[in-house]
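Work through the exercises below with the model open. Try each task before reading its solution.

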Amino acid sequence: MRLNGRTITDLVYQILVLDGHVAPSLPRTAVVSLAQAGGTFGSVVTVDPRRITVGLDVRPTSLADRQAIMDSLKRRLHRGVLELVTDDLPGRVLPVVCDGVGVELYTGAYANPVVYVQVTFTAPDPSRVDVEPLVYGLTTARTACPIGTDSVAPRLWLYGASTPVVNPVVIVRDHTGTEVMRLTLTGSLGANDALAIDGATQQIDRFASGVLQTGTNSGLGWLTSGRFPLLDPTDANPDAPAWGTIELAATSGTPTGLVAYHRRW
Amino acid sequence: MSSAILPPSAVRRLGVPTLRPTAVHQWQASRLSPTALTGQAATLARAGTGTFTDSGGGTVTAVHSMPRWESRTWFGAPAVGLRLGTDDLSWPLDWPLGTLTLLLEGVNMGTANTSGQGLVYAGLDAGTGNRLVVRGTGTTFAVDLVIGANTSTATFGAAVANPDPVQLVVQVEDTGTTQRVRIGGTDAGTPVAFSAWGTAIARGTFPSGSRLRLNRVGSAGAQGNAWVRRCAVYAGLLTLDESVDRL
């Protein structure tokens, strides 16, 4: 187990318990009760935060050493958001916050420095995220975007060209080819121009020769209609496998770009 | 009616918790941002287009100054790094020149094989003043700590071929009166022991306005050719195992 990339085995003798990190987290749809009728699903979907419990066997050499270890543990645990990586899935991280530390004295003897420490973490978003992203070039052809088990809001870069790309459009389709969303922009991307679109923050940055454009020239001013791209598991058939796709279009010119995202599980 | 001055709140943090690395500088290409995790805003510049390879093996052409997030195999698994050729990535340098460890992970695409090409540079854009330089020697990498007219130099203990994955760990030791450097890490997965310490020289500090830069020495030096996935600076002397993956 690593916290912010660092093991805690230098502080503890062994990790006895690691619980709560394996179970799949499923979205829960609200249920609306109806009078004299069966209830129905509402429009609100939530996921519960994940709670993880870690039990540590700490074997200090003295009471002073015990306090030094507790101080070190506190320094590492109370740093805001921590990235938790477990040994069974080293390629995925889970952002957590430590919200509890309990210390139990073995046999209740204060003079015995050996203690059991129980640390609890809360992951507000229960999904784990790949450490390494996936990056795929985009063209006017459909580009398959493999995802995990949870939805992903990707980042995109749209590139200009010497023959300007006018009014670029980002189109997301499901694995059958049915369009599920599109983002329509209004503007002209020249040879040194680019747009950086962040699907998570719903931000569009416009760059001219690498310089971020602001004010009336900012990228968000290009936003015309549609939705920011979202790659959703319901648009994929991982058994095939067949994935949702992203493609680019434009009124004129040949749009190209890049999509990058971390799969979520 | 009496009043009392209460002690300050024991919890003074405001707002939501955020990721707070312990490094003084931490940049990871896998975060898909040139900006460092430790907050230093990046300048990424490249005149003209540049190509790179995506996760599907396709070739992508990025326009002027747009990052080239290239997928390559890193220790047997796909990983994304920033491809640097005619590109120039730099951050403000806001940490002191003291006892520190600099970690750089990437693939040598030729920088080590060209003498004088810069891989990592900390100092003034002019390439003058007190500075820390990791450069190619023609066969491997070397580190120079230049303080005034004195230089402490150490050389990586393995020949670095193209395209070897390398993990470079540069340590700067500051005794309070002198400073010196050494370099170790791995080449193509093989551990490379720390070199001998370079000459201990009278200590110095980075000049005001210094920047941390990848791929060239100063803003006008010869640009290297590399794929970089991580650059981090930690206070203290850390080994490779202690510094890899640590935030």
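A cavity here is a set of grid points where a 1.4 Å probe fits but cannot get out, and its lining residues have an atom within 4 Å of a point. The model is predicted.

**Exercise 1. State which residues line the largest cavity, and divide them by character.**

Step 1. Start with the count: the structure holds two cavities of 30 Å³ or more.

Step 2. Take the largest cavity. About 40 Å³ of space lies in it.

Step 3. Read off the lining. Cys145(A), Ile147(A), Val172(A), Arg173(A), Leu230(A), Leu231(A), Asp232(A), Asp235(A) and Gly244(A) surround this space.

Step 4. Sort them. Five are nonpolar, one is polar and three are charged. Gly counts as polar in this scheme.

**Exercise 2. Find the strand β15 of chain A and its place in the sheet.**

Step 1. Locate the strand. β15(A) spans residues 169–173. Val172(A), from the lining of the largest cavity, stands opposite Met181(A) in β16(A).

Step 2. Count the bridges. Five join β15(A) to β16(A), residues 179–185, and the two run antiparallel.

Step 3. Widen the view. The open sheet has five strands, ordered β12-β22-β15-β16-β21 in chain A, with antiparallel pairing.

Step 4. Check the edges. β12 (143–144) and β21 (223–226) of chain A each have a single partner strand, so one side of each has no neighbour in the sheet.

**Exercise 3. Describe the lining of the second largest cavity.**

Step 1. Get the volume: about 30 Å³.

Step 2. List the lining: Leu104(B), Gly106(B), Val107(B), Asn108(B), Leu119(B), Phe141(B), Val166(B), Ala226(B), Trp227(B) and Val228(B).

Step 3. Assign elements. β8 (100–108) and β18 (226–235) of chain B each give two or more residues. β8(B) supplies the largest share, four residues.

Step 4. Sort by character. Eight are nonpolar, two are polar and none is charged.

**Exercise 4. Trace the two hairpins that involve β19 of chain A.**

Step 1. Pair β18(A), residues 193–198, with β19(A), residues 203–208. Six bridges join these antiparallel strands. Ile197(A) faces Ile204(A) across the pair.

Step 2. Inspect the turn. Four residues lie between β18(A) and β19(A), and Gln202(A) there has a positive phi of about 55°.

Step 3. Move on to β20(A), residues 211–213. This strand pairs with β19(A) in the antiparallel sense over three bridges. Phe207(A) has Leu212(A) as its bridge partner.

Step 4. Inspect the turn between β19(A) and β20(A). It holds two residues, and Ser209(A) has a positive phi of about 50°.

How values were computed
Residues are numbered from 1 along each chain as its sequence is written. Chains are lettered from A and ligands numbered from 1 in the order in which they are written. This is a predicted model: local features need pLDDT of at least 70, side-chain atom pairs count only at pLDDT 80 or more; totals for chains, interfaces and linings use all residues. Side-chain values use heavy atoms; hydrogens and water are left out. Two strands pair if DSSP finds at least two bridges between them. On a 1 Å grid over the protein atoms alone, a cavity is a set of points where a 1.4 Å probe fits but cannot get out, and a pocket is an open set with protein on both sides within 12 Å along at least five of seven lines; lining residues have an atom within 4 Å of a point. Grid points are joined across faces, edges and corners, and a volume is the space filled by probe spheres set on the points.
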